[in-house]
Amino acid sequence: MEQHIGKIWLVGAGPGDPDLLTVKALRLIKGADLIVHDGLVDAAILALAPPSAELISVAKARSRHTMPQEAINALLVEQALAGRQVVRLKGGDPFIFGRGGEELEAARAAAVPCEVVPGITAAIGCAAEAGLPLTHREAASAVTFVAGQCKDLSDQNWAGLAGHGRTLVIYMGIATADAIAEKLIADGVSPAMPVAVLEKGTRGDSRAMRTLLADLGGLVKRAEVESPALIVVGEVAARSDAVDVLLHS
Ligand code: SAH
């Protein structure tokens, strides 16, 4: 008898607030046989899954219980080949620092049907909450998203991405905030450039804070900023509702 093949859905869960799920994401979560999620997906979103759905956590980031990417790819493919509707649920958008591209390639290689459902990426969700326009006719006509993890930092060329008229959003940069500020200042960005730190955006306990680039590492330490958080560098940060936490203010 021929085996019925299921499908992999790479679904963006948005930055935290369940109300920021797309209608399609919600429908897929409610109809899933299996939900494979990472640590960033809010408990309130997982609670929307029906009791019949199996949930598997493949927590990423600095968690101890991590599953290597190859094992995640293999799990998705194997479960879909077994006929299940597999929802791979990721924080934000699957294609923004979410390794959705690798999972899509694994599905293609195994000839398993795979569809990508976009989500609101952290930059978009957190900026909205903080009243921080990522572009603004008077302050920024370009916006760039970069990843700030330690191992890649020295290899990355951010020259020209931050500065007058531009907004730079740094994901995964809290642990290396000091080095990020140094790197940008060495690239010629003014130490007095406004920066915002947006912590746990769109969740109940979010904070939006602001200082100047030279004090970025200081702010992260003083305010004991926790992951997940974003750093926004640019004049638009000064136009936000973020609270000033300047050293001497
Ligand atoms: N695919 C995700 C990003 C995954 S990388 C997206 O599109 O948003 C993980 C990083 O995203 C975190 O280290 C943090 O920098 C950022 N991030 C995710 N959710 C966040 C939130 N609610 N508030 C602030 N930053 C967040």
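Q: What makes the pair formed by a backbone N or O atom of Pro15 and a nitrogen atom of the ligand a polar contact?
A: The Pro15 atom lies 2.9 Å from the ligand nitrogen. A polar contact is a pair of N or O atoms within 3.5 Å; within protein, one atom must be able to donate a hydrogen and the other to accept it, and residues adjacent in sequence count only if both atoms are side-chain atoms. The Pro15 pair therefore qualifies. A polar backbone atom of Ile96 is 2.7 Å from a nitrogen atom of the ligand, and a backbone N or O atom of Met172 lies 2.8 Å from one of the ligand's oxygen atoms. The protein buries 93% of the 540 Å² that the ligand exposes when taken alone, the areas coming from the Shrake-Rupley method with a 1.4 Å probe.

Q: On what kind of model do these values rest?
A: This is a predicted model, in which local features need pLDDT of at least 70 and side-chain atom pairs count only at pLDDT 80 or more, whereas totals for chains, interfaces and linings use all residues. Residues are numbered from 1 along each chain as its sequence is written, and side-chain values use heavy atoms, with hydrogens and water left out.

Q: How do you know which residues surround the ligand?
A: A residue is assigned if one of its heavy atoms lies within 4 Å of the ligand. On that criterion 19 residues surround the ligand, the closest being Ile96, Thr121, Ala122, Gly201 and Ala229. Helix H5 (122-129) and strand E10 (229-233) each supply at least two residues of this shell. Helices (H or I, at least four residues) and strands (E, at least two) are DSSP runs, numbered from the N terminus.

Q: Why is Val117 called buried?
A: Its relative accessible area is 2%. Buried means under 20% relative accessible area, exposed over 50%, and partly exposed in between (1.4 Å probe, protein chains only). Val117 is therefore buried. It is located in strand E5 (residues 114-117).

Q: Why is Asn73 called buried?
A: The relative accessible area of Asn73 is 14%, so this residue is classed as buried. Asn73 belongs to helix H3 (residues 69-81). Leaving aside neighbours within four places in sequence, it is in contact (heavy atoms within 4.5 Å) with Glu102, Glu103 and Ala106.

Q: Why is Arg99 called partly exposed, and where is it placed?
A: Arg99 has 39% relative accessibility and so counts as partly exposed. It sits in the loop between strand E4 (85-90) and helix H4 (100-109). Although not a glycine, Arg99 has a positive phi of about 60 degrees.

Q: Why is Glu224 called exposed?
A: Glu224 is exposed because its relative accessible area is 62%. Its place is in the loop between H8 and E10, and its phi is positive, about 50 degrees, although it is not a glycine.

Q: What makes a set of residues a nonpolar core?
A: The members must be buried Ala, Val, Leu, Ile, Met, Phe, Trp, Tyr and Cys residues joined through side-chain atoms within 4.5 Å. The largest such core has 25 residues, of which Ile170, Leu184, Leu216, Val225 and Val233 touch the most other members. Strand E7 (165-171), helix H7 (177-186), strand E8 (194-199), helix H8 (216-222) and E10 give two or more residues each; H7 gives the most, with four.

Q: How do you know that the peptide bond joining Ser227 and Pro228 is cis?
A: Its omega is about 0 degrees. Pro228 is found in the loop between H8 and E10.
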